[in-house]
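User: Please take me through how some helices pack in this model and what lies in its core.

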Amino acid sequence: MRLELDNLPSDVGLLHQLVRDMATLVETRDDEIERLQAIIKKLQRMQFGRRSERLDPDQLVLGLEDLDADIARIEEHRPVIAGDADAVRRRAHRVPLPDHLEREEVVIDAQHEACPCCGGALHSMGESVSEMLDWVPAKLRVIRTTRPKYACRACGSLVQAPAPERVIAGGLATPALLTQVLVSKYCDHTPLYRQSRIFARHGVDLARSTLAGWVGGACWWLGALHERLCAEVFASDHLFADDTPVPVLDPGRGRTRTGRLWVYAREQRGWGGPAPPAAVYLFAPDRKAERPLAHLERFKGVLHVDGYAGFERLTAKGDIVLAACWAHTRRKFYDVHQQTGSPVAEEALRRIADLYAVEAKARGRSPEDRLAWRRSLSAPHLAAFKLWLEAQLAQIPRSSTLADAIRYALARWAGLSRFLDDGRVELDTNPVERAIRPVALGRKNHLFAGSDGGGHRWAVICSLIETAKLNKVEPYAWLSDVLTRMIDDHPANRIDELLPWNWALSHRADA
């Protein structure tokens, strides 16, 4: 309902009725908005507050989407008065549309050459400009390449330009289409059979097996870039490591078996390090300790890990030091507190929160400043925390879950205290945990990898896409350009130019 204040009815009774209707409508809708906003705040507290682990983040997002839609529906039907300051303020807070988007100019001119009121001459005094975001649907097109043939009458020789290289030998797909398939599957988590249906709606029959062949062919080209990314990451001296299960089809038994994606992340933004963020994934058919031993054969430095015992074997040579994860330690006490309401577990959670409070203040500072903050504020607190845990352990049943949580922390105390010796060490493995989330989303949609080869392809493309996202590089534009350059014989000794952060620098320079 929109009211024009300059064009209100003159009948007093009608005006009274209009005001009453408006008041009732506004009161009802304001109550509904207040109720929905209260629900949103509660869900946000469950996500970001101390009770954050009680609700699955994906389910929270789905709930918030529906609530936001309900609020928007109510706001859309709220009476709007011309010149409403609140409405103007809401529009002013909208984020401007990016400058790089294509603009289509639409001019709506007045249909009068003279003043409609008095007939006087009109003169320009500016213009009002507004913008709306439009969507141009994706479309398939055919690129038809013609190569004229020429013959020599004198010697009979035939002259013709060579055929351009294709990503898939004899295949139909251009680098742009292949990239669309890869990004849809591994970034947007749309399985190939669903993509096949989408193409069918565009009138093109592309079987799932055909798309799968394209993925395999593209991965052949991208394998060298994945290897270079791995070498770049493993040359670092501070990494985060973890693994996540991946179901793999086992045709011989008619079911799936559990493979593993081992994930290694480099993240130096917390202390202003020079190396760009990156994440590499490596597929393995199992979780044996030999896997990280092989992956990290040449790595030397600090490795942030969870409680997996297999990582301990990495320290045998003395050139790898493990930093344990306070987030995993906290989770042990959190589970106990949720199950039993233990005041001891609650106190442990409070003490861990104090450590994170110091980290929040020191985040983004230099390693030297972070270390000074930690030794001044966290070290005394940590020493007291250890003595308190040892005292509590002596007073509780040894078979209790609380005792297990305390023993878990004390057994890893050297690794948990590592951040007091090096300002570059983080308190937890959250960077690699974040790198695992896209795999979990893909696992829900893909259901399983069709083979060990499928697991390897999953690792290759995930490494490239997630590293691009970490560096704020749009995956489609980057991968499409990379594939195009590769089939155009990009020099192998200049493959570093194709890494996401270098690619972004060169494109910014060209712009």
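Analyst: A definition comes first: angles under 35 degrees count as roughly parallel, over 145 as roughly antiparallel, 65 to 115 as roughly perpendicular and the rest as oblique. The model is predicted.

User: Are helix 4 and helix 15 oblique or roughly perpendicular to each other?
Analyst: Helix 4 (residues 175-186) packs on helix 15 (residues 475-487) with the axes 9 Å apart and at an angle of about 135 degrees. Roughly perpendicular requires 65 to 115 degrees, and roughly antiparallel requires over 145. The two helices are therefore oblique.

User: How many residues in the contact of helix 4 with helix 15 are charged?
Analyst: Helix 4 contributes residues including Pro-175, Leu-178 and Val-183, while helix 15 contributes Tyr-476 and Leu-479, among others. The contact residues divide into 9 nonpolar and 4 polar, and the number of charged ones is none.

User: How is helix 6 oriented to helix 15?
Analyst: The axes of helix 6 and helix 15 are 11 Å apart, and the angle is about 90 degrees. Angles of 65 to 115 degrees form one class, so helix 6 is, relative to helix 15, roughly perpendicular.

User: Which helix gives the most residues to the largest nonpolar core?
Analyst: The largest nonpolar core has 77 residues, and Leu-222 and Trp-478 are among those with the most contacts inside it. The helix that gives the most to this core, with 12 residues, is helix 6.

User: How many residues does the second, separate core have?
Analyst: This second core is separate and includes Leu-389, Leu-402, Ala-403 and Leu-420. Its residue count is 30.

Definitions and conventions: Residues are numbered from 1 along each chain as its sequence is written. This is a predicted model: local features need pLDDT of at least 70, side-chain atom pairs count only at pLDDT 80 or more; totals for chains, interfaces and linings use all residues. Side-chain values use heavy atoms; hydrogens and water are left out. Axes are lines fitted to C-alpha atoms, for helices over the stretch in contact, and angles run from 0 to 180 degrees between N-to-C directions. Helices (H or I, at least four residues) and strands (E, at least two) are DSSP runs, numbered from the N terminus. Contact means heavy atoms within 4.5 Å. Ala, Val, Leu, Ile, Met, Phe, Trp, Tyr, Cys and Pro count as nonpolar, Asp, Glu, Lys and Arg as charged, and the others, Gly among them, as polar. A nonpolar core is a set of buried Ala, Val, Leu, Ile, Met, Phe, Trp, Tyr and Cys residues joined through side-chain atoms within 4.5 Å. Buried means under 20% relative accessible area, exposed over 50%, partly exposed in between (1.4 Å probe, protein chains only).
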